Amino acid sequence: MNYKDRTLNIYYISPSQLPSRTANSIHVLMQCHGFNQNEAQVNLFVKRNVSDKNILKPTLNELFGVSFDKIGIISFFSKSARFVSIKIALLALIYSLNKPSPDLIISRNLFAAFIFGVVLGRRIIYETHDLE
C-alpha cells in the first residue's frame, strides 16, 4: 500500500501515565512527536494523572519543549493504579469501534496487543521491555 498520497493513521497504546518524566513516558511521547512530525496522524491511549484533560497537552508541551497539540491523546483519569493496562486497552478498543481502522497499531500494553492482535486479528507492533 502506498501511503505517500494520504496520511498514515497510527494508534499508539501505552501503559504510560501522563504527565510524567519516566523513561517510558518520555520514549512514548517522543515517538508520537516524531511520527507526527513526519505527517502521521497519531492517537495515543494513556492514563492521565491530572483530572482536567484540558491541561494535559499544555503541561506536556511545557515539560518537553515540543508541541503535542496535533496528537490525539485519548485518556482517562484515575487516582488508582489498579487495572490501568486493562482500562487503557478497553479505552482503545471502544474508541476504535467508531473510527476508521488505523494503518498501524503500536502497543506497549500486553492486553491491548492481545485484543487487537489475537482477538481482532490486526497486525500490530508489540514493544516490551519486560518478560510478561
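Here are some notes on this predicted model, point by point.

1. **Confidence.** Let's start with how far the predictor trusts itself. The chain has a mean pLDDT of 92, with 95% of its residues at 70 or more. Going element by element, strand β2 (residues 41-48) comes out highest with a mean of 97. Helix α1 (residues 23-37) has the lowest mean among the elements, and that is 94.

2. **The salt bridge.** Searching the whole structure turns up one salt bridge. The partners are arginine 108 and glutamate 127, whose closest N and O atoms sit 2.9 Å apart. Arginine 108 is in the loop between β4 (104-107) and α4 (110-119), while glutamate 127 is in the segment after β5 (124-126), so the contact ties together parts that are 19 residues apart in sequence. Is arginine 108 buried or exposed? With a relative accessible area of 10%, arginine 108 is buried, because anything under 20% falls in that class.

3. **Aromatic pairs, part one.** There are four aromatic pairs in the structure. One of them brings together phenylalanine 45 and tyrosine 95: the ring centres are 5.3 Å apart and the planes meet at 70 degrees, so this pair is edge-to-face. Phenylalanine 45 belongs to strand β2 and tyrosine 95 to helix α3 (residues 84-97), which makes this a link between distant parts of the chain, 50 residues apart. The two partners are worth checking for burial as well. Phenylalanine 45 is buried at 0% relative accessibility, whereas tyrosine 95 is partly exposed at 22%.

4. **Aromatic pairs, part two.** Phenylalanine 64 and phenylalanine 68 also form an edge-to-face pair, with 6.3 Å from centre to centre and 85 degrees between the planes. Both of these phenylalanines are buried. Phenylalanine 64 has another neighbour to look at: arginine 21 lies over the face of its ring, 5.7 Å from the ring centre. Back at phenylalanine 45, which residues make up the cluster linked by ring pairs? The members are Tyr11, Phe45 and Tyr95.

5. **The nonpolar patch.** On the surface, Phe83, Ile86, Leu90, Ile94, Leu97 and Phe111 make a nonpolar patch of about 600 Å². Which element gives the largest share? That would be α3, with four residues. Isoleucine 94 is found in this helix, and at 54% relative accessibility it counts as exposed, because the cut-off for that class is over 50%.

6. **Backbone oddities.** Most residues other than glycine have a negative phi, and most peptide bonds are trans. Against that background, three spots deserve a look in the viewer.

   - Leucine 18 and proline 19 are joined by a cis peptide bond, with omega at about -5 degrees. Proline 19 sits in the loop between β1 and α1.
   - Glutamate 39 is not a glycine, yet its phi is positive, about 75 degrees. You'll find glutamate 39 in the loop between α1 and β2, and it is exposed, with a relative accessible area of 62%.
   - Phenylalanine 83 also has a positive phi, near 60 degrees, without being a glycine. Phenylalanine 83 lies in the loop between β3 (72-77) and α3, and is one of the residues in the nonpolar patch from point 5.

7. **Two threonines and some distances.** Threonine 22 is in the loop between β1 (9-18) and α1, and is partly exposed, with a relative accessible area of 40%. How far is threonine 22 from isoleucine 74 in space, C-alpha to C-alpha? The answer is 19 Å, for a pair 52 residues apart in sequence. Threonine 59, in helix α2 (residues 56-64), is partly exposed too, at 27% relative accessibility. From threonine 59 to leucine 18 the C-alpha distance is 9.4 Å, with their positions 41 residues apart in sequence. Leucine 18 is the residue from point 6 that shares the cis peptide bond with proline 19.

Definitions and conventions
Residues are numbered from 1 along each chain as its sequence is written. This is a predicted model: local features need pLDDT of at least 70, side-chain atom pairs count only at pLDDT 80 or more; totals for chains, interfaces and linings use all residues. Side-chain values use heavy atoms; hydrogens and water are left out. pLDDT is the predictor's confidence in each residue, from 0 to 100. A salt bridge is a side-chain nitrogen of Lys or Arg within 4 Å of a carboxyl oxygen of Asp or Glu. Buried means under 20% relative accessible area, exposed over 50%, partly exposed in between (1.4 Å probe, protein chains only). Rings of Phe, Tyr and Trp (its six-membered ring) pair if their centres lie within 6.5 Å; planes under 30 degrees apart count as stacked, over 60 as edge-to-face and the rest as tilted. A charge sits over a ring if NZ of Lys or CZ of Arg is within 6 Å of the ring centre and within 35 degrees of the ring normal. Patches are made of residues with over 30% relative accessible area and no salt bridge: like charges are joined within 9 Å, nonpolar side chains (Val, Leu, Ile, Met, Phe, Trp, Tyr) within 5 Å. Accessible areas come from the Shrake-Rupley method with a 1.4 Å probe; for residues, only the protein chains shown count as cover.
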